[in-house]
Amino acid sequence: MDILLLLLGLTLILGGANYLTDGASALAQRLRMPEFLIGLTIVAIGTSMPEMVVSVLSSINGQSDMAIGNVVGSNIFNVFVVLGVCSIIHPIAFTKENIRFDIPVCVLVSALLILMASDTFIGWSDANTIARLDGAIMLVLYIGLMIWTIRMAKRPEKDENAPKPMAWWLTIVMIVGGLCGLIFGGELFLDSATSIARKMGVSESVIAITLVAGGTSLPELAASVVSFLKGKVGMALGNVVGSNIANILLILGTSSLIKPLTMGGITHFDLLVTLLTAVLLFFTAFTFRRRELDRAEGVIFLLLYAGYIYLLIQ
């Protein structure tokens, strides 16, 4: 039964990703907004809803390991696996704005998470905790960042020869329907995969960083790959960068406001790997073929993820 639910969840995820990509692309055309911005905001927040649900419920239930591990693992998965897979399909080109602003913000946000979870090192507390004040700061930063990003976005010039955009009602239906398919499909996949792992005796902290994180990141993977296959490269990259920023500032911010989150079984090594993914993504813009994440780097990302998982399960 778990295997059947696993396959059903995967089917819903793929179908949802297809509809979400088409709907988001139509929205970008109607609003005359860059596809990267749509990916960074609407698609990123939508595909991050599984992480939001898992982390918030884990916070309410006092499972800090699961709340933090879900976000940390998802961010690592998003860069190393989602972008790794996409770049193998086709190299990912970066814009000047990606290099100067978007990816550096992702690096800074990852560094901020380490700072806020290092109370014992700084001497603020006897336990490493993401407190309610930390959560409030994260949420304010996220709101401010989204407002700034939208205000500074350069609108593409109107193309008189472009085909007539999709009707508003159909655009909304496709976006909402696609998100529902991604979220419900992700939950089915996650529940069945976690059930299988627990029967195999895998620990909760490892489940959080691997299966739960990977399962809640399947919407990002599916949405990015489908966007890529449809030629929406900017939307795919925006989805990953936006999701990683939202996972930390929005999701951990909300979760820690509900109840302070202690690190528990999540180590600073895990947080450092999260920061490393963002730093490596930035440096790929200057290696091999400049301003591009190419296939060789995509393979390296996948190998790094495999190595990280190997260290976890040892």
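**Exercise 1: two helices that cross**

In this predicted model, find how helix α7 and helix α11 cross, and which residues make the contact.

*Solution.* Start with the two elements: α7 covers residues 132-152 and α11 covers residues 233-258. Two packed helices are described by the angle between their axes and the distance between the axes. Here the axes come within 7 Å, and they cross at roughly 145 degrees. Next, the handedness: this crossing of α7 and α11 is left-handed. Now look at who does the touching. From α7, the contact residues include R132, G135, L139 and Y142; from α11, they include I245, L249, G253 and I258. Finally, sort the contact by class: 14 residues are nonpolar, four are polar and one is charged.

**Exercise 2: inside the core**

Which residues have the most contacts inside the largest nonpolar core?

*Solution.* That core has 76 residues, and the ones to pick out are F94 and I245. You've already met I245, as one of the α11 residues that contact α7. For F94, skip the neighbours within four places in sequence and list what is left: the partners include I99, I103, L237, L281 and L293, along with R291 and E292. To put this in context, buried residues make up 54% of the 314 residues in the protein.

**Exercise 3: far along the chain, but how far in space?**

Work out where L5 and G265 sit, and whether each is buried or partly exposed.

*Solution.* Take L5 to begin with. L5 lies in helix α1, residues 2-31. Its relative accessibility is 29%, so it counts as partly exposed. G185 is 180 residues away along the chain, yet the C-alpha atoms of L5 and G185 are separated by 9.1 Å. Setting aside residues up to four places away, L5 touches L188 and S192.

Now G265, which is in the loop between β3 (261-262) and α12. Its relative accessible area is 37%, so G265 is partly exposed too. G265 and M66 are 199 residues apart in sequence, but 9.2 Å apart from C-alpha to C-alpha. Beyond its neighbours within four places, G265 is in contact with D65 and D270.

**Exercise 4: how far to trust it**

Where is confidence lowest, and where is it highest?

*Solution.* Begin with the whole protein: the average pLDDT is 79, and 81% of the residues score at least 70. Then go helix by helix. The lowest mean, 63, belongs to α9 (residues 204-216), while the highest, 92, belongs to α12 (residues 268-283). Where pLDDT is low, the predicted coordinates should not be read in detail.

Terms used:
Residues are numbered from 1 along each chain as its sequence is written. This is a predicted model: local features need pLDDT of at least 70, side-chain atom pairs count only at pLDDT 80 or more; totals for chains, interfaces and linings use all residues. Side-chain values use heavy atoms; hydrogens and water are left out. pLDDT is the predictor's confidence in each residue, from 0 to 100. Helices (H or I, at least four residues) and strands (E, at least two) are DSSP runs, numbered from the N terminus. Buried means under 20% relative accessible area, exposed over 50%, partly exposed in between (1.4 Å probe, protein chains only). Contact means heavy atoms within 4.5 Å. Axes are lines fitted to C-alpha atoms, for helices over the stretch in contact, and angles run from 0 to 180 degrees between N-to-C directions. A crossing is left-handed if the near helix is turned anticlockwise from the far one by less than a right angle, and right-handed if clockwise. Ala, Val, Leu, Ile, Met, Phe, Trp, Tyr, Cys and Pro count as nonpolar, Asp, Glu, Lys and Arg as charged, and the others, Gly among them, as polar. A nonpolar core is a set of buried Ala, Val, Leu, Ile, Met, Phe, Trp, Tyr and Cys residues joined through side-chain atoms within 4.5 Å.
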